[in-house]
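Q: Got a model here I'd like to go through strand by strand. Can you take a look with me?

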Amino acid sequence: MLMTRRRLIAISAAFAALPAAARADGGTARLWTGQALGARASIRLDHPDGEAIAARVMAEIGRLEDILSLYRPESALSRLNREGHLAAPPFELLECLSLAGAVHQASGGRFDPTVQPLWALWAEAAAKGGRPDAKSLEGVLRKTGWEKVELDAAAITLRPGTALTLNGIGQGYVADRVAALLEADGLTDILIDTGEFRALGGPPHGGEWPLRLETGERVALRQRALATSAPLGTTFDQAGRDGHILDPETGMPAPAQWRSVSISAPSAAIADALATAACLMPDREAVLAMIGRFDGARLEAGVTV
């Protein structure tokens with residue numbers, strides 16, 4: 001599914017022309033709250049037109065949900081999955097899937113948006129208190145595989161039974177788009193948290209945005225994004241054994257060698273996808289080889305069990 005991990009989306013931004021004392025430290029900052037991406041959203045802006053910009057941010061997130069979300073039955077992605085064909089697809093869907101394809105190739109196929117039928121199978125089995133049997137897994141695996149997706153500006157076509165999920169890249173993609181919108185409105189010191197972090201400029205006191213990982217490690221961001229994935233961060237079962245990141249080759253949850261992986265990159269979408277794929281990598285060397293194919297990508301933390 002898309003964008004359900006966070007209960008709170010937080011966006012903070014300041015207008016470059018405002019004096020330092022009146023920036024996002026509470027001087028002239030105003031706070032707007034609402035709902036976005038299925039979570040509570042807060043937007044704190046220092047800008048003369050802050051109210052109008054906040055409204056545009058919320059509208060942009062809603063527009064992107066109408067394209068990328070599996071929770072909206074009439075979104076472009078939902079219609080594509082339902083009908084197997086989408087003529088004149090929105091640019092954002094094509095761009096997001098193209099980025100996913102690049103990470104798919106760099107990860108040796110481990111990052112694969114076609115795992116949606118597998119995700120649905122595991123969710124259905126978990127709802128009945130069990131796990132998918134081998135025969136069911138084998139049948140669904142025949143419907144997965146990136147080669148079953150045809151991307152073109154004129155249309156996106158899926159083989160029969162194939163379906164896509166943007167979990168693992170969608171949250172980051174939305175963060176990138178919101179950052180671009182705020183920057184175009186003249187805001188330069190921006191921190192966006194949609195489940196993945198996207199930072200432009202720095203905090204009011206100068207320097208870099210200080211972030212603390214769940215592992216306790218600290219990362220300073222400026223003009224970068226940070227994403228963290230954990231195989232058991234979300235599980236299908238109440239016992240917490242079957243994680244939500246599925247191996248497209250076996251159909252099984254990611255092996256438990258990683259507790260969490262944090263990756264930074266210039267793009268939040270790329271950082272998001274790389275962190276997800278890293279949870280399926282056998283070791284640190286494989287993770288480094290994958291992220292080395294993307295300019296500016298960096299492994300910030302990789303915690304094994």
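Q: Which way do the side chains of β8 point, and are they buried or exposed?
A: In this predicted model, Phe197 and Ala199 point one way from β8 (residues 197–200), and Arg198 and Leu200 point the other way. All are buried, meaning under 20% relative accessible area with a 1.4 Å probe, protein chains only. Strands here are DSSP runs of E, at least two residues, numbered from the N terminus.

Q: What does β8 pair with on the β7 side?
A: β7 (residues 187–193) runs antiparallel to β8, over four bridges. Pairing takes at least two DSSP bridges. Arginine 198 in β8 is the bridge partner of isoleucine 192.

Q: And the hairpin between them, which residue has a positive phi?
A: Glycine 195, near 105°. Three residues separate the strands there.

Q: How many bridges join β8 to β11?
A: Three, and the two run antiparallel. Arginine 198 turns up again: its bridge partner in β11 (residues 224–229) is alanine 225.

Q: Switching topic. What's the strand order in the open three-stranded sheet?
A: β4-β6-β5, with antiparallel pairing. β4 (85–87) and β5 (149–151) each have a single partner strand, so one side of each lacks a neighbour in the sheet.

Q: How does β4 pair with β6?
A: Antiparallel, over three bridges, with β6 spanning residues 155–158. Alanine 87 stands opposite alanine 155.

Q: Any caveats on the numbers?
A: Local features need pLDDT of at least 70, side-chain atom pairs need 80 or more, and totals for chains, interfaces and linings use all residues. Residues count from 1 along each chain as its sequence is written, and side-chain values use heavy atoms, leaving out hydrogens and water.

Key: Buried means under 20% relative accessible area, exposed over 50%, partly exposed in between (1.4 Å probe, protein chains only).
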